[in-house]
Amino acid sequence: MTTQQHMTKLIDMAEKFDNLEEHLEKFIENIRQLGIIVSDFQPSSQAGLNQKLNFMISGLQDIEKCRQQLHEINVPLEVFEYIDQGRNPQLYTKECLERALARNEQVKGKIDTMMKFKSLLISELSKVFPEEMAKYKAIHGEDAPS
């Protein structure tokens, strides 16, 4: 996938999320208004109540359409745990990146240590087994410092 295609896909996905967010906000506002009508119900407000109920049904249908467009999205369960704990779900992404960077540094340190060990091992083996190490270097190339 080219960078342009990847960017187009991300933009398309963002638009789908924006669309879902818009429908959810409308639905929540409709539910709020419905609660007001119900809490102070008068027989004269029956028509308004019916209208709000119909808006609620169409709102649920709109949300269902958005859900179908986003079916390929997988959200880690930890994100929901963050939300349940009252934490910002964006912190999950931040902490994942921080853990990945820390792990990357650990792995880089191990690789550097192994490269130093290899270099030292080849150097010491060359002193003890010069002929065998000359053959090794001829086969594998000169990957150790002289």
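## Pockets and helix packing

In this predicted model, H2 gives the most to the lining of the second largest pocket, with three residues. Helix H1 (3-39) and helix H2 (46-69) each put at least two residues into that lining. If you want to click through the lining of the second largest pocket, pick out Phe17, Leu20, Ile63, Cys66, Arg67, Leu70, Ile73, Val75 and Phe80. By class, that lining has eight nonpolar residues, no polar ones and one charged.

Now for the largest pocket. Its lining is made of Asn74, Val75, Pro76, Val79, Asn88, Pro89, Gln90, Tyr92 and Thr93. Here H4 supplies the largest share, three residues. The class mix is five nonpolar, four polar and no charged residues. Val75 is worth a look, as it turns up in the lining of the largest pocket and also in the lining of the second largest pocket.

Here are the two pockets with their volumes and classes:

| Pocket | Volume | Lining by class |
|---|---|---|
| Largest pocket | about 350 Å³ | five nonpolar, four polar, no charged |
| Second largest pocket | about 290 Å³ | eight nonpolar, no polar, one charged |

On to the helices. Two packed helices are described by the angle between their axes and the distance between the axes. How do H3 and H4 cross? The axes of helix H3 (residues 77-84) and helix H4 (residues 90-128) come within 9 Å and cross at roughly 125 degrees. An angle in that range counts as neither roughly perpendicular, which covers 65 to 115 degrees, nor roughly antiparallel, which needs over 145. H3 and H4 are therefore oblique to each other. The crossing of H3 past H4 is right-handed. On the H3 side, Glu78, Val79 and Tyr82 make the contact, and they meet Leu91, Tyr92 and Glu95 of H4. Sorted by class, the residues of this contact are four nonpolar, no polar and two charged. Val79 and Tyr92 belong to this contact, and both also line the largest pocket.

H4 has a second partner, helix H5 (residues 130-140): the two pack at an angle of about 135 degrees, with their axes 6 Å apart. H4 and H5 are therefore oblique to each other too. From H4, the contact takes in Lys118, Ile122, Leu125, Ser126, Lys127 and Val128, which meet Pro130, Met133, Tyr136 and Lys137 in H5. The classes in the contact of H4 with H5 come out as six nonpolar, one polar and three charged residues.

Definitions and conventions: Residues are numbered from 1 along each chain as its sequence is written. This is a predicted model: local features need pLDDT of at least 70, side-chain atom pairs count only at pLDDT 80 or more; totals for chains, interfaces and linings use all residues. Side-chain values use heavy atoms; hydrogens and water are left out. Axes are lines fitted to C-alpha atoms, for helices over the stretch in contact, and angles run from 0 to 180 degrees between N-to-C directions. Helices (H or I, at least four residues) and strands (E, at least two) are DSSP runs, numbered from the N terminus. Angles under 35 degrees count as roughly parallel, over 145 as roughly antiparallel, 65 to 115 as roughly perpendicular and the rest as oblique. A crossing is left-handed if the near helix is turned anticlockwise from the far one by less than a right angle, and right-handed if clockwise. Contact means heavy atoms within 4.5 Å. Ala, Val, Leu, Ile, Met, Phe, Trp, Tyr, Cys and Pro count as nonpolar, Asp, Glu, Lys and Arg as charged, and the others, Gly among them, as polar. On a 1 Å grid over the protein atoms alone, a cavity is a set of points where a 1.4 Å probe fits but cannot get out, and a pocket is an open set with protein on both sides within 12 Å along at least five of seven lines; lining residues have an atom within 4 Å of a point. Grid points are joined across faces, edges and corners, and a volume is the space filled by probe spheres set on the points.
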